[in-house]
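Biologist: Please take one part of this model and look at it closely, following its strand pairing first and then the packing, and state the cut-off behind each term as you go.

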Amino acid sequence: MPPIPPRRAAPALLALLAACAAPAPEAGSALEAPLPTETAPDGTCWAREHVPAIYEQVTGEVQVVQAEIAEDGTVIRPPVYRRTKVPKLVRPRGEMRFEAPCPAQMTPEFISSVQRALDARGYFHGAITGEMDGATREAVARYQKERGLESAQLSLETAKALGLIAVDLSELEDSGG
């Protein structure tokens, strides 16, 4: 087969790239579909989310030549090591759980209220659709991250803070309020 001239190769390359699938979202990203909410025996609902492992690169030693040892256990030639960057586990992979609104509460009307509440606070900039779409999950993630919860799933605490779920007065008294 003869080589393709450069001016004819560009359209072929663009067509090939266009046929590639978009990369899958990172684990834990706002665009990733959430794990199903679990309902506890007491009627409370709990969101679950995978927490990815975190590694950092540290300077370490890697053995590049194995030691040569005689049958009697005498070291003939010691091992040779090289200093290089090696991965170190900072946080193992896990699962995070937190109380969340139950699926029955996540109606289009409720989600529209979430969108309006986040819009009023400057976190949501899309159309009010009543769907927990990517833009809504990203807004929830930004709002919650500032409050210490790195998740795109709406927590019950966030729903209460946004004024969307009634707060029991005993909860306010217990918190010193």
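Modeller: Strand β1 (residues 38-39) and strand β2 run antiparallel and are joined by two bridges, where strands are DSSP runs of E with at least two residues and helices are runs of H or I with at least four, both numbered from the N terminus, and where two strands count as paired if DSSP finds at least two bridges between them. This is a predicted model, in which local features need pLDDT (the predictor's confidence in each residue, from 0 to 100) of at least 70 and side-chain atom pairs count only at pLDDT 80 or more, while totals for chains, interfaces and linings use all residues. Residues are numbered from 1 along each chain as its sequence is written, and side-chain values use heavy atoms, with hydrogens and water left out.

Within the β1-β2 pairing, Glu38 has Trp46 of β2 as its bridge partner. The two strands make a hairpin with five residues between them, and Gly43 in the turn has a positive phi of about 95°. β2 also pairs with strand β7 (residues 94-100), again in the antiparallel sense, over seven bridges, and there His50 stands opposite Glu95. β2 itself, spanning residues 45-51, is mostly covered, since five of its seven residues are buried, that is, under 20% relative accessible area, with exposed meaning over 50% and partly exposed in between (1.4 Å probe, protein chains only).

To place this strand in the packing, it helps to begin with the largest nonpolar core, a core being a set of buried Ala, Val, Leu, Ile, Met, Phe, Trp, Tyr and Cys residues joined through side-chain atoms within 4.5 Å. That core has 14 residues, of which Phe110, Val114, Leu118 and Leu154 touch the most other members. Helices α2 (108-120), α3 (134-145) and α4 (156-161) each supply at least two of its residues, and α2 gives the most, with four. Apart from this core lies another, of six residues, which include Ala47, Met96, Ala100 and Leu149. In soluble globular proteins, nonpolar side chains tend to be buried together.

As for confidence, the chain averages a pLDDT of 84, and 77% of the residues score at least 70. Over residues 21-31, however, the pLDDT is below 50, and beyond near neighbours in sequence this stretch has 13 contacts in the model, a contact being heavy atoms within 4.5 Å.
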